[in-house]
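Here is a brief report on one protein model. Please look over the sequence and the structure before reading on.

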Amino acid sequence: MAGRFLKAAGWAFTIGAVAAIAVAERRRPLRRQTLPAAPRVARNLVMGAMCQAVIAAVENPATRAVARANATRQRGLMHWLGGGAVGKAAAFLAMDYGFFLWHVATHKVPFLWRLHRVHHVDPDMDASTALRFHFADMAVSLPWRLVQVRLSGVDEPTLRRWQQFFVLSVLFHHANIRLPGRWEKRLARIVTTPAMHGVHHDRRLQWMDSNWSSGIALWDHLHGTYRADLPVEQSVIGVADADAMADVPLLPALAAPVRHVGGRGGGRA
Ligand SMILES: [Zn+2]
């Protein structure tokens, strides 16, 4: 009964958060959009649905099986720290830090960049950009995701909590929302904010190679990769290689990882 209530409360919170993001995007936009919204959003929704199919069919069963084995075999960081609240918090942080490292790799390893580039090619950024990933990206990232789950020792409930936090964080920091200045600064110490992540989506590598965090912002502060010195009026969202705009529509985007073999483009302007 309590489990069912918590599940319903979780859904209500998620739906409320998505609605709040949608309202805030209309009321307080951060960036001026360059393309008509409807086809962009429709395309991003289709790509998100394809990713979700891979996650539901492959990633979730695999990660949850490893998480269940962590609990029965008492293994990984969470159990080394006693398996209580401290262990769970450490496992949660370890999952998040593991994703930070993966995100850096998706930019620095040419094969992984071909897939992650499809996400960055979107020349506008809003909550729908959070859905725009290549479905093959989900499959290719699975081995590392399993390493994260195994080493963190995360159990299934804590894994679900991190996944829920992570999905909401990704929707939030891609959203086209201008936060009040004080909020932006304070929040960016803790979690990834829209302005913070907007710097990472700039075409120029000097900006793109910063603000790698996707959940907790601490990792950029610890690594010295946090940047907040690019005014939003001067940011240019997207990728600077020659094929970038041609790879925005759905079918070219799906073919892009095979077709586009160039480097990262976007010199240090
Ligand atoms: Zn990225």
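## Zinc site

His103 and His107 are both buried. The two residues sit 4 apart in helix H4, so about one helical turn separates them. This is a predicted model, and the zinc site described here belongs to that prediction.

Which residues are the protein donors of the zinc ion? His103, His107, His116, His120 and His200 take that role, each through NE2. They lie 2.2 Å from the zinc ion. Along the sequence, the spacing of the donor residues reads H-x3-H-x8-H-x3-H-x79-H.

## Aromatic pairs

How many aromatic pairs does the structure hold? There are 5. One of them joins Phe92 and Phe165. Their ring centres are 5.4 Å apart and their planes stand at 45 degrees, so this pair is tilted. The pair bridges distant parts of the chain. Phe92 belongs to helix H4 (residues 85–108), Phe165 to helix H8 (residues 156–174), and their positions lie 73 residues apart in numbering. Phe165 has a relative accessibility of 22%, so Phe165 counts as partly exposed because buried means under 20%.

Tyr97 and Trp219 form another tilted pair. Centre to centre, the rings are 4.9 Å apart, with 50 degrees between the planes. Again, distant parts of the chain are linked. Tyr97 is in helix H4 and Trp219 is in helix H12 (residues 218–223), 122 residues apart. Is Trp219 buried or partly exposed? Trp219 counts as buried, at 8% relative accessibility. Tyr97 counts as partly exposed, at 28%. Ring pairs also draw in Phe100, making a cluster of Tyr97, Phe100 and Trp219.

## Packing of H2 and H13

Helix H2 spans residues 37–73, and helix H13 spans residues 250–259. Their axes come within 10 Å and cross at roughly 45 degrees. The two helices are therefore oblique to each other.

Which residues make the contact? H2 supplies Arg43, Val46, Met47 and Met50. H13 supplies Leu250, Ala253 and Leu254. By class, the contact holds 6 nonpolar residues, 1 charged residue and no polar ones.

## Arg117 in helix H5

Arg117 is found in helix H5, which covers residues 110–120. Is Arg117 buried or exposed? Arg117 is buried, with a relative accessible area of 0%.

What does Arg117 touch, once neighbours within four places in sequence are left aside? The contacts are Val239, Asp241, Asp243, Ala244, Asp247, Ala256 and His260. Of these, Ala256 falls within the residue range of helix H13.

## Val140 in helix H6

Val140 lies in helix H6 (residues 135–140). At 28% relative accessibility, Val140 counts as partly exposed. Outside its neighbours within four places in sequence, Val140 is in contact with Trp102, Phe111, Leu112 and Leu115.

How far apart are the C-alpha atoms of Val140 and Leu115? They are separated by 9.0 Å. Along the chain, these two residues are 25 residues apart.

Terms used:
Residues are numbered from 1 along each chain as its sequence is written. This is a predicted model: local features need pLDDT of at least 70, side-chain atom pairs count only at pLDDT 80 or more; totals for chains, interfaces and linings use all residues. Side-chain values use heavy atoms; hydrogens and water are left out. Rings of Phe, Tyr and Trp (its six-membered ring) pair if their centres lie within 6.5 Å; planes under 30 degrees apart count as stacked, over 60 as edge-to-face and the rest as tilted. Buried means under 20% relative accessible area, exposed over 50%, partly exposed in between (1.4 Å probe, protein chains only). Contact means heavy atoms within 4.5 Å. Donors are N, O and S atoms within 2.8 Å of the metal (3.2 Å for Na, K and Ca); water is not among the atoms, so sites may look incomplete. Axes are lines fitted to C-alpha atoms, for helices over the stretch in contact, and angles run from 0 to 180 degrees between N-to-C directions. Angles under 35 degrees count as roughly parallel, over 145 as roughly antiparallel, 65 to 115 as roughly perpendicular and the rest as oblique. Ala, Val, Leu, Ile, Met, Phe, Trp, Tyr, Cys and Pro count as nonpolar, Asp, Glu, Lys and Arg as charged, and the others, Gly among them, as polar.
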